[in-house]
Amino acid sequence: MKVTITRWDAIAHWRWQTRANDNGDNDDENDDDEGDLCGICRVPFEGCCPTCKMPGEDCPLLRGQCTHIFHLHCILKWVHSPQSKGQCPLDRREWVGL
Amino acid sequence: MNKEPQLFPKMNHNEMSIEESLRTNWQFSIEVLNGGREDSAGIRLLEARAWEIACEALKPRNIHLPAPPPSYDERTLQQAFEMLKAPHKLRPLLQWFLDQIRNCRYMLQKDILEFTRHWEETMDVRHFRELFNVLSEWFSVWGKEVLAFKKYDLDGHFAFQRAFRASLLSILPPSFSSAFTALLKFTLVDSESFTPPASQSLSRSPLLFEQINTFGVSEDFENIITNVLYEEIRVRVMDTCPGEWEESMLPGLREWFTQKALPWIAGMYASGAPNEERLRAVLGPVTQKFDYHLCKMLCDLRTNEIFDIIVNYPNSMSAVLDLKECLSRTDQRAKFVQALRKFNTRRLLHHGAETSNILEQYINTIRCLRLLDPAGVLLFSVAEPIRRYLRERPDTIRCIVSNLATDDGILGLSDEKDSGITPIRDALESADDYSDPNWHPEPNDAEPGFRTSRPTDIISILVSIYDSRDLFIKELQILLGRRLLAITDGDYYDEMRRLEQLKLRFGDTQLQVCEVMMKDILNSVRTREGIRELGETPLHPTVISHLFWPEQAKTSLVLPLEMKVLQDDFATKYSDRNPGKYLKWIPNLGTVELKLELADRTVAAKVTPLQAAVIHHFSNQDTWTPQELADKLDIAEALSITSALQAWENLGVLEEMPDGSYFLLETAREGRGAKRYNKMVLIAPETVGEVEAAETAEREQTERMRVHWQFIKGMLNSFGKLTLEEIHGKLRFFAPDYDHTQEHLAIFMQSALKEGLVEVHDGVWRAVR
């Protein structure tokens, strides 16, 4: 017997590649990992920052040299505020976006 | 005793002087009577004679006996009256005559008894009618004599009438009133046919009421007369109106009243009215009274029918308008509310009724009662129990939402179409706008919780059943998700339009999530087209932002290599197009269209991914046991494997072996599936999706309940034992954001029971330590 798929309406969801070794495979175990939240707004990366309405490309992520990742809008707003002294909010190292 | 004898001698001693004084007094009196004239004794005698003559002439006679020849001629009689006039004897004469009338009532009695008995035996009202003619004759014969007094400025007519009335009333037998009622009813119903047959003396008789009026007893019979009319109105309403909701009955009834009943009562109340105008003036109050009764009867009837009237709305609109007028005439609103609430409890708010039916009836009730009472007091009183009941039902929101999201649900044919879609108003916002020039105070029969509500559309009312709108948004999201994923032909126009409408209602921010879902769908279409350009693939994925979609029931499923290759290929291309993003597949969702090329036939089928994966494995190996497949596909539930295998068996592709394994039929078995060559067969995966979605909603509720677990645990620990009601009540009181129904709590507690966290005994829950 030969089975041919003529059409397949599948459903998938997208995620950000947040880890260096993240290749989309076998990561089921960290689905709801705490690490998937933006450290500033505490919204998952795949959600959007408080100022945005649309997730995804409209509200991208930004990774710093310190390897911390935030919503782009969140970290820029933080870095531009005077009390931040241009530091990463998690480890107080100087924030340099990659 | 000793003193007694002494008195007599004293008397004897004074005997002469007493006789003397009597004589003197007598003489004096006679002189006074004579007025100082002479020949007094002769005059006395003449007067006595005149009195006798007058009495003889006046004496009431029995009309059934032949009239005796007049005992004295006119002139003698007149002289007698003249004679009696001077010494003021006419008044005593009249008095004597009236006494005679009273004494002679036995003559009447005989007739009355006879007619009444005849009626009792035959029930013939026509014959009974004769009684009034006879009475009339009595009256006129006896009353004729009174005229004689008129010449001497003595009007004895009223006195006579009074005497006659008193005599008449004193001798009426008990059954007279029922006979009279029957007669009146007959004259009312049959007013034409009653105009008496020309033959009898009836024809020259005046109308019945005129006769009664003549006797002066109309007021005594008023009760009977009005009762007859009341009863007739009731009968009329009950005969013509029940179940007739499609046309207005009130004008017809009033027409009947004016045409038939009014002339009838005109005889009673206004027989003496000189002209039309006067007649109307006299009848005005009476007519009002009966019109009130008419309205009340119709009102009672419609109130009893109101539940079915609402069911049939808007076909029954005329009945509602009738009722509106009747309610405004009569003060039956409280009764109406009570009745409708009773009907609703008995016929609507029970477990046998479907939620959609209850909603439909509620919506009709809203429309109906708005027409009936624009101020909304009635609606407020009636709606509250319905709303409370709907709140308790677990599937109310789902039902409302699924109707919201379709074009032709119970909300579809709504009147909102004309007024356009309006945003949902918050039921709690303060209603009193003091700058409103059209402001009215609350109606005086409003309940304490009543607020004058501005006209709101029905959907707002439905949504306001629940305090929070979030539940609706949640349910809308689930529904939209299900629908969007079910669309495979790329035609999202309808859903987009509907979403726009919903946004108008609920507001953009509330439906932001749905907006994201819609955007995901549109992006997916673009992505698919972009990737298709790189190389043809049967895969049509929908890429969703999973945080914005309802929780998808996720089960692990390891797809066969052929299918996995397709996915991986697509995922790689996707990541190339969208740097920084990668795809995670939800393997158990979606639909797969397959073509199976077997030795003797080709089978096409639209199946679930699981079913596709199962059949795929048969292409390499033609016999599998369910357990082997479950291991291969990494599926824990053997049941879903079995059902997938059975689906293929039904298509005649597989066959179950006696040992429970399944075998691929390269060549079709006779009579089984053989006829299905080249046929597209649907194994309705939609229904599978449906069940899953429903389960998802349930599961989500339980998940949401989980945040309250600590509360429940603490409660059970400190109180020891609690019933479900107590837990529910305390949570409602103490727990923030607790908006679940008791049913949800029950489901949750059951799941906690399964996990061994609590135990239940006779409906009392207790924590397991």
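At 54% relative accessibility, A:Thr67 counts as exposed, and in this predicted model the residue lies in the loop between strand E2 and strand E3 (69-71) of chain A. The backbone of A:Thr67 deserves a look as well, since its phi is near 70°, a positive value in a residue other than glycine. A comparable entry point is A:Arg42, whose phi is near 60° and therefore also positive in a residue that is not glycine; the place of A:Arg42 is the loop between strand E1 (2-16) and strand E2 (61-63) of chain A. At 48% relative accessibility, A:Arg42 counts as partly exposed.

These two loops belong to a chain with 1 helix and 3 strands, which follow the pattern β-β-β-α when chain A is read along its sequence. Of the 98 residues of chain A, 47% count as buried. Among the contacts in chain A with a separation of 6 or more, 43% come from residues 24 or more positions apart.

Chain B is built from 32 helices and 10 strands, and buried residues make up 44% of its 769 residues. Residues 24 or more positions apart account for 72% of the contacts in chain B with a separation of 6 or more.

Before particular sites in chain B are examined, the confidence of the prediction should be considered. The model scores ipTM 0.87 and pTM 0.66, while chain B averages a pLDDT of 77, with 82% of the residues scoring at least 70. Over residues 1-11 of chain B the pLDDT stays under 50, and the model has 0 contacts beyond four places in sequence for this stretch. Over residues 673-682 of chain B the pLDDT is below 50 as well, but that stretch has 22 contacts in the model beyond near neighbours in sequence. Where pLDDT is low, the predicted coordinates should not be read in detail.

A first site in chain B is B:Leu98, which lies in helix H4 (residues 90-103). With a relative accessible area of 5%, B:Leu98 is buried, because that value falls under the 20% limit for burial. Leaving aside neighbours within four places in sequence, B:Leu98 is in contact with B:Ala159, B:Phe160 and B:Ala163. For B:Ala163, which is 65 residues away from B:Leu98 along the chain, the C-alpha atoms of the pair are separated by 6.2 Å.

The path now turns to a pair of helices in chain B. Helix H17 (residues 355-372) and helix H18 (residues 377-392) of chain B pack at an angle of about 170°, with their axes 10 Å apart. That angle makes H17(B) roughly antiparallel to H18(B), because angles over 145 degrees are classed in this way. On the side of H17(B), the residues that meet the partner helix are B:Thr355, B:Ile358, B:Leu359, B:Tyr362, B:Thr365, B:Ile366, B:Leu369 and B:Leu372. From H18(B), the residues that meet them are B:Leu378, B:Leu379, B:Val382, B:Ala383, B:Ile386, B:Arg387, B:Tyr389 and B:Leu390. The residues of this contact between H17(B) and H18(B) divide into 13 nonpolar, 2 polar and 1 charged.

One of the residues from H17(B) in that contact is B:Thr355, which is buried, with a relative accessible area of 3%. The side chain of B:Thr355 makes a polar contact with the side chain of B:Asp395, at 2.8 Å. Residues up to four places away in sequence not being counted, B:Thr355 touches B:Leu390, B:Arg393, B:Asp395, B:Thr396 and B:Cys399; of these, B:Leu390 is also listed among the residues of H18(B) that meet H17(B).

In helix H18 of chain B the reader can also find B:Ser381, which counts as buried at 4% relative accessibility. The side chain of B:Ser381 reaches the backbone oxygen of B:Val377 at 2.9 Å. When residues up to four places away in sequence are not counted, B:Ser381 touches B:Val337, B:Arg341 and B:Glu447.

Note on methods:
Residues numbered from 1 in each chain as written. Chains lettered and ligands numbered in written order. Predicted model: local features only at pLDDT ≥ 70, side-chain atom pairs only at ≥ 80, totals over all residues. Heavy atoms only, no water. Axes fitted to C-alpha atoms, helices over the stretch in contact; angles between N-to-C directions. Helix = DSSP H or I, 4+ residues; strand = E, 2+ residues; numbered from the N terminus. Parallel < 35°, antiparallel > 145°, perpendicular 65-115°, else oblique. Contact = heavy atoms within 4.5 Å. Nonpolar A, V, L, I, M, F, W, Y, C, P; charged D, E, K, R; others polar. Buried < 20%, exposed > 50% of the residue type's maximum accessible area, 1.4 Å probe, protein only. Polar contact = N/O pair within 3.5 Å; in protein donor to acceptor, adjacent residues only side chain to side chain. pLDDT = per-residue confidence, 0-100.
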